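Take a moment to turn the model around on your screen before reading on. We will walk through it together, one stop at a time.

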Amino acid sequence: GVAAAAALLKACGGGGGGGGSSGPTGSLTLLQVLQQDGRFSTLLTALQDAGLADRLGQAGTGQTLFAPTNDAFDTLASRIGTLPAAKLAELISFHVVPKFLSAADLRSLAASGETPNTLYSHLGNPAVLIFVVDNNGPLSIWDGIGRTSITIPETDVPASNGLLHVVSDVLLPRYVLTVSQMLRANTDSLFAASMSAQVSAEL
């Protein structure tokens with residue numbers, strides 16, 4: 001499974017705002033947290049290929065990482081197949097917000113409608129993440145292609161240089177996928193699912 005997702009990775013717009021509460025509290029860097037948790041080996045490979053591993057290993061840089069598990073990458077690979085290597089850094093940079101955002105901050109962002117910038121940008125415009133809380137329930141994220149069912153099952157994993165939140169799916173920014181891949185990935189939409197079936201039948 002990890003190998004299949006790694007194959008996806010090797011071959012795999014904006015406003016700003018958002019809070020930023022107290023600072024980092026963990027003893028390990030974000031990179032070390034990922035290295036010690038076997039669920040994130042595919043993400044580690046992707047970060048290294050994207051040139052972002054060193055950033056997450058540096059001390060004193062407050063940032064927030066939304067971390068998909070190996071299973072999340074496997075699921076994406078089963079939906080859309082292989083992405084070009086040139087898209088790797090773009091996809092992975094969409095998972096990093098260059099400020100410290102706790103779960104409480106994310107709920108505040110959901111309430112205010114503010115959207116924090118990620119490291120991913122297109123034509124000079126930083127892409128944002130949208131956070132939603134339904135009736136004070138669990139947090140969810142709307143990504144760049146409009147998916148609304150991505151949840152954050154584990155929040156506030158501490159690091160010395162930021163904070164990690166586990167996400168249920170790989171976050172996809174705009175302008176990375178082909179139309180066909182976007183339709184196959186966007187399982188939140190009945191229209192997209194229908195179009196995906198049609199595209200698959202035509203291929």
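Start with arginine 39 and aspartate 37, whose side chains meet in a salt bridge, with N and O 2.8 Å apart. Keep in mind as you look that this is a predicted model. How exposed are the two partners? Arginine 39 has a relative accessible area of 34%, so it counts as partly exposed. Aspartate 37 is partly exposed too, at 22%; the cut-off for buried is under 20%, so aspartate 37 does not fall into that class.

Arginine 39 has another partner to show you. It also forms a salt bridge with glutamate 154, and here the closest N and O atoms are 3.2 Å apart. Where do these two residues sit? Arginine 39 is in the loop between helix 2 (30–35) and helix 3 (41–49), while glutamate 154 belongs to strand 8, so this pair ties together parts that are 115 residues apart in sequence. Glutamate 154 is partly exposed, because its relative accessibility is 30%.

How many salt bridges are there in the whole structure? A search finds six. Another of them joins aspartate 143 to arginine 147, with the closest N and O atoms 2.6 Å apart. Are these two residues buried or exposed? Both aspartate 143 and arginine 147 are buried. They also take part in a network of salt bridges that links Arg79, Asp143, Arg147 and Asp169.

Now follow strand 8 (residues 154–159), where you will find aspartate 156. Its phi is near 60 degrees, a positive value in a residue other than glycine. Aspartate 156 is partly exposed, because its relative accessible area is 34%. Tyrosine 175 also has a positive phi, about 70 degrees, although it is not a glycine. You can find tyrosine 175 in the loop between strand 9 (162–167) and helix 8. With a relative accessible area of 41%, tyrosine 175 counts as partly exposed.

Helix 8 (residues 179–185) is our next stop, because arginine 184 has its place there and is worth a look. Arginine 184 counts as buried, because its relative accessibility is 18% and the cut-off is under 20%. What does its side chain reach? One polar contact, of 2.5 Å, joins it to the side chain of serine 180. The side chain of arginine 184 also reaches the backbone oxygen of isoleucine 80, at 3.2 Å.

Let us turn to the nonpolar residues. In soluble globular proteins, nonpolar side chains tend to be buried together. Here, the largest nonpolar core has 50 residues. Which residues have the most contacts inside it? They are Leu34, Leu43, Leu65, Phe66, Ile92 and Leu164. Pick leucine 164 and look around it: leaving aside residues up to four places away in sequence, it touches Leu30, Val33, Leu34, Leu65, Ala67, Thr155, Asp156 and Val157. Aspartate 156, with its positive phi, is therefore one of the residues that leucine 164 touches.

Finally, step back to see the whole protein. It has nine helices and nine strands. Of its 203 residues, 46% are buried. The protein exposes about 8900 Å², and carbon and sulfur atoms supply 53% of that area.

Conventions
Residues numbered from 1 in each chain as written. Predicted model: local features only at pLDDT ≥ 70, side-chain atom pairs only at ≥ 80, totals over all residues. Heavy atoms only, no water. Helix = DSSP H or I, 4+ residues; strand = E, 2+ residues; numbered from the N terminus. Buried < 20%, exposed > 50% of the residue type's maximum accessible area, 1.4 Å probe, protein only. Polar contact = N/O pair within 3.5 Å; in protein donor to acceptor, adjacent residues only side chain to side chain. Areas by Shrake-Rupley, 256 points an atom, 1.4 Å probe, with all protein chains shown as cover. Core = buried A, V, L, I, M, F, W, Y, C linked by side-chain atoms within 4.5 Å. Contact = heavy atoms within 4.5 Å. Salt bridge = Lys/Arg side-chain N within 4 Å of Asp/Glu carboxyl O.
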